Amino acid sequence: MEHGYDEQAGVSAAETKSELEQIEIELLLDGVHRLYGYDFRNYALPSLKRRIWHHVHAENVPTISALQEKVLHDRTCFERFIYSLSIPVTEMFRDPGLFLTFRQRVVPLLRTYPYIRIWHAGCSTGEEVYSMAILLHEEGLYDKARIYATDMNGRSLQQAKEGVYDIGKMKQYTKNYLEAGGTRAFSEYYTAKYNSVMLQPYLRKNIIFAEHNLATDTSFNEFNVILCRNVMIYFNDELRDHVHGLFHESLSRFGVLVLGSKESIHFTRYSDCYEPLDRVEKIYRKIK
């Protein structure tokens with residue numbers, strides 16, 4: 001009898017702890033939304049929970065409630081919190097096969113347009129944006145293109161604007177570039193200085209960097225291409241559907257949507273609005 005009682009009490013304690021954690025997370029996210037306007041309430045809970053606890057330890061506070069108090073009363077702590085929830089994971093010409101397929105399947109379509117508007121949603125620190133600028137430059141399309149690079153993370157956007165990256169990453173970036181169909185020496189696109197490289201200024205001339213939150217902000221233009229890669233894997237179904245609606249509204253007729261390798265247009269309300277240009281690389285064309 002005692003063993004059964006202890007086991008039941010243990011389960012009850014665990015359930016209470018889990019419920020308390022859920023309440024603390026909901027209060028934290030609601031406070032951040034109400035005070036700062038950033039909405040993480042529909043992010044996928046498992047990864048969100050891990051990042052919140054990581055930040056609890058980083059801020060050296062004992063509980064999520066203590067983190068909430070600090071985030072709501074200290075703007076710099078809030079900015080650190082936002083950065084920790086949107087840790088950038090990117091590289092130049094990431095997934096080279098995607099960029100090679102883009103050259104082969106999408107570039108011929110873009111040649112038919114008098115003017116090209118491209119939106120990189122969730123651009124992080126900008127590596128994939130500059131990869132697109134290089135690709136368009138080599139295809140003779142950059143001068144008639146405008147790239148809108150947006151992210152909710154101001155710190156990441158600032159690095160993207162500067163176009164300065166770790167020189168130690170150039171070996172991998174060069175490999176990616178060549179596998180993506182690059183036609184020149186990759187070193188032509190940057191200048192090395194000490195432990196960093198600065199991308200050539202002309203690559204930035206047709207890029208507009210701006211803060212935009214996919215969870216709360218609306219459409220701001222009509223685009224021929226939208227790229228949003230490995231961002232929606234952190235969203236729950238409701239937010240994912242909302243973002244797909246935003247993209248559908250923002251794409252021109254026959255516009256191209258490019259998703260991440262673990263993402264799909266299937267199982268959304270908009271699946272029948274697109275046809276696949278390449279199922280493997282997750283490139284779709286809007287047909288209605």
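Is S84 buried or exposed in this predicted model? S84 counts as buried, because its relative accessibility is 10%, and the cut-off for buried is under 20%. The views below start from the whole chain and then move in on S84 and a few other spots.

**View 1. Confidence along the chain.** This is a predicted model, so a word on pLDDT comes before the close-ups. The protein chain has a mean pLDDT of 92, with 95% of its residues at 70 or more. Residues 1-6 are another story: their pLDDT is below 50, and beyond near neighbours in sequence that stretch makes zero contacts in the model.

**View 2. S84 and its partners.** Here we're looking at S84, a residue of helix α4. Its side chain reaches the backbone oxygen of F81 at 2.7 Å. The side chain of S84 also has a polar contact of 3.4 Å with the side chain of H55. Set aside the neighbours within four places in sequence, and S84 touches R51 and H55.

**View 3. Helix α3 against helix α4.** Now for the helix that carries S84, seen with its packing partner α3. Helix α3 covers residues 64-73 and helix α4 residues 75-85; they pack at about 115°, their axes 5 Å apart. On the α3 side, the contact is made by L67, K70, V71 and H73. From α4 come R75, C77, F78, R80 and F81. Sort these contact residues by type and you get five nonpolar, three charged and one polar.

**View 4. Y38 meets F78.** The structure holds 19 aromatic pairs, and this view picks out one of them, Y38 with F78. The rings sit edge-to-face, 5.5 Å centre to centre, with 65° between the planes. The pair ties together distant parts of the chain, 40 residues apart: Y38 is in the loop between α1 (2-36) and α2 (45-58), while F78 belongs to helix α4. Both partners are tucked away from solvent by the accessibility count: Y38 is buried at 15% relative accessible area, and F78 counts as buried at 2%.

**View 5. F93, F99 and a ring cluster.** F93 and F99 form another edge-to-face pair, 5.1 Å centre to centre and with 65° between the planes. F93 counts as buried at 0% relative accessibility, and F99 is buried too, at 1% relative accessible area. Pull back a little and ring pairs link F93 and F99 with Y177, F186, Y189 and Y190 into a cluster.

Note on methods:
Residues numbered from 1 in each chain as written. Predicted model: local features only at pLDDT ≥ 70, side-chain atom pairs only at ≥ 80, totals over all residues. Heavy atoms only, no water. Axes fitted to C-alpha atoms, helices over the stretch in contact; angles between N-to-C directions. Helix = DSSP H or I, 4+ residues; strand = E, 2+ residues; numbered from the N terminus. Contact = heavy atoms within 4.5 Å. Nonpolar A, V, L, I, M, F, W, Y, C, P; charged D, E, K, R; others polar. Buried < 20%, exposed > 50% of the residue type's maximum accessible area, 1.4 Å probe, protein only. Polar contact = N/O pair within 3.5 Å; in protein donor to acceptor, adjacent residues only side chain to side chain. pLDDT = per-residue confidence, 0-100. Phe/Tyr/Trp six-rings, centres within 6.5 Å; stacked < 30°, edge-to-face > 60°.
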